[in-house]
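Here's a quick tour of a protein chain for anyone just getting started with structures. Have a look at the sequence and the 3D view, then read on.

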Amino acid sequence: KADDFYFPYCRFTFGAIKRLASEGDVTPEGIMTLLEASNQEGYNCLVGIGGVPALNALIDDTLPESPAVTEQIKTLKSFSYRRKCIDLSQKIYSFATTNVDEGNKEFKDLEEMDSHIKSATYFLADSIGNHKKITKIGSKLDAIKELIKNKEVVGIDISAKFPKVNKLMKNIRKKALYVIGAEEKIGKSSILLDIAWYVARFLGIPTAYADTEMTEEEVLLRLLSKESGLHEEQIMRSEDGILTDKQIQSLLDAYKAIEDTPFFHFNANEMTNAELESKVKLLQLEENIELFMYDYVKIQSHEVEKGRTDLLLAAKIDTLKEKIAKQCDIAVFTSGQMWVDEKGRGKFAETSHFTKLADVIWHLKKNRPGYENSHQHSGTHYLELVMGRKINRRDEGATVDLVFTDNHRIKEL
């Protein structure tokens, strides 16, 4: 692009060359004539360096035939990017020291400044690839064929543990937002943790888990129980001599498995949306995570006084979908509070944004004896496929029976 060049005369010359090249004839005289007619500033700039004779001096007839031209283009882009980095760093310094943006408008709070800095940074990163020529979509078919050949478009396959669930949602896809809704204390955290742990532990895929419900100690106890097959009470009393040799070995194996698994847990209880976004992007950069779990979407204590709860929840869901799933090119799972209407249909509390932005929505229900439809299900719980962009419409309403055990294992029936 023209602004990749540092000197103004180079920018004006390159811009004119691009316009003339579309007509098939680029000459120094043509450049000057075009600028004189359409860009007086550019024309005066080139006159100032010598006009047509100066442009003639820039011509190198050997360059197009030299393999070095590709390297020269790379060098030019490198210098351009580095120059933009310096410009951006100066802007960020100005934001931080003056608390105003480029338009001299004061930032209302730290979150607004952070968002402004991120937008500028993402724009800079995006500029690396925006030189690519836009071509017919058909020209991208070879790349798609290669992805299909390497099974890279398939997504994360959890069919070994959840065959029916996996088949209904057609694997866990990148850039997609998956939502599990349920009433209070039904098991949202349990199933999110179970899926996340399976992906990290048995598929070896780096997974991040942001928690607004449980402490690290609670999560570790659940994972130890899940891995060892022991109840949490047994684990807590494991130093009291109550375990058999086999149980002790199972616990030791569980410790080792947890230490070796690429599972990254952090507490997100007091995080703003911008802080959550930054944390996940840093984890992706440092740990190459491919799956992010957020447990769960709710109004947190520091957000209570900020305004309408529906808009706050909408912003959080938008962050999960647009800022994390799409920008990071990873799959995101989350959960939300549901209530059941008089017809037995699940409705998300306080916001409709789950249905607007989610790619797949499940309703987790407990199989209570005597309740409507309970006779149709076995196990302790079942998942109902509510809707989705990445599913077959005929599968909406399909259910999968599950068993939740006391040692935090979940099994599909």
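Which helices each supply at least two residues of the lining of the largest cavity? They are α8 (163-169) and α9. Keep in mind that this is a predicted model, and let's see what sits around those helices.

**The chain as a whole**
- You'll find 15 helices and ten strands in this chain.
- The chain is 413 residues long, and 40% of those residues count as buried.
- Take the contacts between residues at least 6 apart in sequence: 63% of them join residues at least 24 apart.
- The accessible surface adds up to about 23700 Å², and carbon and sulfur atoms account for 54% of that.

**The nonpolar cores**
- The largest nonpolar core is made of 49 residues.
- Met169, Ile172, Ile191, Phe333, Trp362, Leu364 and Leu402 are the ones with the most contacts inside this core.
- Helix α9 (residues 188-202) gives this core its largest share, nine residues.
- Want to zoom in on one residue? Leaving aside residues up to four places away in sequence, Ile191 touches Ile180, Leu364, Leu383, Leu402, Phe404 and Ile410.
- There's also a second, separate core of 29 residues, with Ala268, Ile289, Ile324 and Ala358 among them.

**The cavity**
- Rolling a probe the size of a water molecule over the atoms shows where empty space is left.
- Searching the whole structure turns up one cavity of 30 Å³ or more.
- The largest cavity holds about 30 Å³ of space.
- Its lining is made up of Val165, Met169, Ile180, Ile191, Ile195, Phe333, Trp362 and Leu383.
- Sort that lining by class and you get eight nonpolar residues, no polar ones and no charged ones.
- Some names come back here: Met169, Ile191, Phe333 and Trp362 line the cavity, and they're also on the list of residues with the most contacts inside the largest core.

**A closer look at His363**
- His363 is part of strand β7 (residues 360-366).
- Is His363 buried or exposed? It counts as buried, because its relative accessibility is 2% and the cut-off for buried is under 20%.
- What does His363 touch, not counting residues up to four places away in sequence? Its contacts are Gly181, Ala182, Met338, Val340, Gly346, Tyr382, Leu383, Glu384 and Val386.
- One of those contacts, Leu383, also turns up in the cavity lining and among the residues that Ile191 touches.

Key
Residues numbered from 1 in each chain as written. Predicted model: local features only at pLDDT ≥ 70, side-chain atom pairs only at ≥ 80, totals over all residues. Heavy atoms only, no water. Helix = DSSP H or I, 4+ residues; strand = E, 2+ residues; numbered from the N terminus. Buried < 20%, exposed > 50% of the residue type's maximum accessible area, 1.4 Å probe, protein only. Contact = heavy atoms within 4.5 Å. Areas by Shrake-Rupley, 256 points an atom, 1.4 Å probe, with all protein chains shown as cover. Core = buried A, V, L, I, M, F, W, Y, C linked by side-chain atoms within 4.5 Å. 1 Å grid on protein atoms, 1.4 Å probe; cavity = no way out; pocket = protein on both sides within 12 Å on 5 of 7 lines; lining within 4 Å. Points joined across faces, edges and corners; volume = space filled by probe spheres on them. Nonpolar A, V, L, I, M, F, W, Y, C, P; charged D, E, K, R; others polar.
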